[in-house]
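This report introduces one protein model to a reader who has not met it before. Please look at the sequence and the structure before reading on.

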Amino acid sequence: MTVSLPLVVVLGFFAWAAIKYLGVRVWIVVLITLFGFWLSRTFLAPAIESGTRSGVTVINGQHI
């Protein structure tokens, strides 16, 4: 059985778990999220997207 989850759902789960179990404050998660939105508007965005896609491909390739 194959389950496909968007990366944003997985990251959202980790953020929720960090708040609930690690005691990370909500404002820190909000600050990091806003930084991600700001970073997506810079010249680094294509490199970050390419690296993320490559990483997901490597992880998915190991489970085939």
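The report below treats the helices, the surface, a pocket and a pair of charged residues in turn.

The model is predicted.

**Helix 2**

Helix 2 covers residues 26–39. At 1.5 Å a residue, its 14 residues should span 20 Å, and the C-alpha atoms at its ends are indeed 20 Å apart, so the expected and the modelled spans agree. Of these 14 residues, one is buried, which means that helix 2 lies largely in the open.

**A nonpolar surface patch**

Eight side chains are not scattered here but are named together: L7, L11, F13, F14, W16, Y21, L22 and V56 form a nonpolar patch on the surface. Together they have about 910 Å² of accessible area. Helix 1, residues 7–21, provides the largest share of the patch, with six residues. V56, by contrast, is located in helix 3. With a relative accessible area of 34%, V56 is partly exposed, because the range for that class runs between 20% and 50%.

**The largest pocket**

The volume of the largest pocket is about 700 Å³. Its lining consists of 18 residues, and those nearest its centre are V8, L11, I32, T33 and G36. At least two lining residues come from each of helix 1, helix 2 and helix 3. L11 therefore appears both in the nonpolar patch and among the residues nearest the centre of this pocket.

**Helix 3 and its salt bridge**

Helix 3 comprises residues 45–62. Side chains of opposite charge can pair when their charged atoms come close. One salt bridge is found in a search of the whole structure. It joins R53 to E49, whose closest N and O atoms are 3.0 Å apart. Both partners belong to helix 3, where they are four residues apart, about one turn of the helix.

The table lists the accessibility of several residues of helix 3.

| Residue | Relative accessible area | Class |
|---|---|---|
| E49 | 44% | partly exposed |
| S50 | 41% | partly exposed |
| R53 | 56% | exposed |
| G61 | 44% | partly exposed |

R53 counts as exposed because its 56% is over the 50% cut-off.

**Separations between helix 3 and other parts of the chain**

Two C-alpha distances complete the picture. S50, found in helix 3, has its C-alpha atom 32 Å from that of G23, with their positions 27 residues apart along the chain. G61, also placed in helix 3, is 25 residues from G36 along the chain, and their C-alpha atoms are separated by 27 Å.

Notes:
Residues numbered from 1 in each chain as written. Predicted model: local features only at pLDDT ≥ 70, side-chain atom pairs only at ≥ 80, totals over all residues. Heavy atoms only, no water. Expected span 1.5 Å × (residues − 1). Buried < 20%, exposed > 50% of the residue type's maximum accessible area, 1.4 Å probe, protein only. Patch = residues over 30% accessible without salt bridge, like charges linked within 9 Å, V, L, I, M, F, W, Y side chains within 5 Å. Areas by Shrake-Rupley, 256 points an atom, 1.4 Å probe, with all protein chains shown as cover. Salt bridge = Lys/Arg side-chain N within 4 Å of Asp/Glu carboxyl O. 1 Å grid on protein atoms, 1.4 Å probe; cavity = no way out; pocket = protein on both sides within 12 Å on 5 of 7 lines; lining within 4 Å. Points joined across faces, edges and corners; volume = space filled by probe spheres on them.
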